Amino acid sequence: MLRVLGRRTSVNVQKVMWLAAELDLEIERVDIGGPFGGNDDPDYLSKNPNGLVPTLEDGDFILWESHSILRYISEKYGRSPWSPEDETGRALASQWMDWYLTKLHPHMTVIFWQLIRTAPEDRDVDAVNAAVKQAGQLWALLDNQLDGSDYVNGPAPTIADIPVGCSVSRWYAMDVERPSLPNLEAWHQRLQERPTYQDHVMMPLT
């Protein structure tokens, strides 16, 4: 049985749990990190030397980095549509997963940490405003990608939707000034209608 080490409120853990639920996989999740601690214990560090979450255990095989875990689960246990069937589909999914990680995630992290994890009197307002502006421009890029398409890479969801899908929940949950992006909003609404998304992504921000 698959085992995921990491607290459910971590956006990176949410990615893995959401995909596993979509694939009906039997999976155990163990609370590690945040208020639960344990991520700096020697046993955990022997599995994930970064001390971050999530870490995946599949029998004796151990893997960390959320997007690597998504690709592994997709390739080993996935099925269409979540697991693209050909090299082109897998490459396009990886493109958007990497785009999120390198372009959008840094700005979303600034917004989240400043608005959710930092006391109001200690917030760097200039940093928040700059990150919101940059994030808005990048969400607009994804809005353009979604023009005429229900999901990131076509009419059905794939692993390409997982990272940005987890992040967009936070984008609309945080108190920021957002541009009007109809395609993005419609896609977000479609995701919110999925029970798996409700169970593993839509939760209070802490």
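Begin by selecting Trp96 in this predicted model, where the residue is buried, with a relative accessible area of 8%. Add Trp99 to the selection, and note that Trp99 also counts as buried, at 12% relative accessibility, because the cut-off for a buried residue is under 20% relative accessible area. Both residues belong to helix H4, where they are three residues apart, about one turn of the helix.

Now turn to how aromatic rings sit against one another. A pair of aromatic rings is described by the distance of the centres and the angle of the planes. The count of aromatic pairs comes to five. One of them joins Trp18 and Tyr197, whose rings meet edge-to-face at 5.0 Å centre to centre, with 70° between the planes. Trp18 lies in helix H1 and Tyr197 in helix H8, residues 195-200, so this pair ties together parts that are 179 residues apart in sequence. If you colour by accessibility, you will find that both Trp18 and Tyr197 are buried. The two tryptophans selected at the start, Trp96 and Trp99, form an edge-to-face pair as well, with 5.1 Å from centre to centre and 70° between the planes. Next, select Trp18 and Tyr197 again together with Trp82, and you have one aromatic cluster made up of these three residues.

Which residue lies over the face of Trp113? Select Arg117, which is placed over that face at 4.8 Å from the ring centre. For another contact between a charge and a ring, move to Tyr151, where the charged end of Arg190 sits over the ring, 5.9 Å from its centre.

The next stop is the set of strands, starting with S3, residues 55-58. In a regular strand the side chains alternate between the two faces of the sheet. In S3, Thr55 and Glu57 point one way, while Leu56 and Asp58 point the other way, and all are buried. On one pairing of S3 you will find strand S1, residues 2-5, which runs antiparallel to S3 and is joined to it by four bridges; to locate the register, select Leu2, which stands opposite Asp58 in S3. Strand S3 also pairs with strand S4, residues 61-64, again in the antiparallel sense and over four bridges, and here Thr55 stands opposite Trp64 in S4. Between S3 and S4 the hairpin has two residues, and in this hairpin Gly59 takes a positive phi near 65°.

Finally, switch on a surface to look at the pockets. The largest pocket holds about 620 Å³ of space. It is lined by 30 residues, and those closest to its centre are Ser10, Val11, Asn12, Val53 and His105. Helices H1 (11-22), H3 (66-77), H4 (87-116) and H6 (161-173) are the elements that give two or more residues to this lining. Which element gives the most to the lining of the largest pocket? Select H4, the helix that also carries Trp96 and Trp99, since H4 contributes seven residues, the most of any. By residue type, the lining of the largest pocket divides into ten nonpolar, 15 polar and five charged residues.

The last selection is the second largest pocket, with a volume of about 150 Å³. Its lining is made up of Pro81, Pro84, Gly89, Leu92, Asn153, Gly154, Pro155, Ala156 and Thr158. These lining residues divide into five nonpolar and four polar, with no charged residue.

Note on methods. Residues are numbered from 1 along each chain as its sequence is written. This is a predicted model: local features need pLDDT of at least 70, side-chain atom pairs count only at pLDDT 80 or more; totals for chains, interfaces and linings use all residues. Side-chain values use heavy atoms; hydrogens and water are left out. On a 1 Å grid over the protein atoms alone, a cavity is a set of points where a 1.4 Å probe fits but cannot get out, and a pocket is an open set with protein on both sides within 12 Å along at least five of seven lines; lining residues have an atom within 4 Å of a point. Grid points are joined across faces, edges and corners, and a volume is the space filled by probe spheres set on the points. Ala, Val, Leu, Ile, Met, Phe, Trp, Tyr, Cys and Pro count as nonpolar, Asp, Glu, Lys and Arg as charged, and the others, Gly among them, as polar. Buried means under 20% relative accessible area, exposed over 50%, partly exposed in between (1.4 Å probe, protein chains only). Two strands pair if DSSP finds at least two bridges between them. Rings of Phe, Tyr and Trp (its six-membered ring) pair if their centres lie within 6.5 Å; planes under 30 degrees apart count as stacked, over 60 as edge-to-face and the rest as tilted. A charge sits over a ring if NZ of Lys or CZ of Arg is within 6 Å of the ring centre and within 35 degrees of the ring normal.
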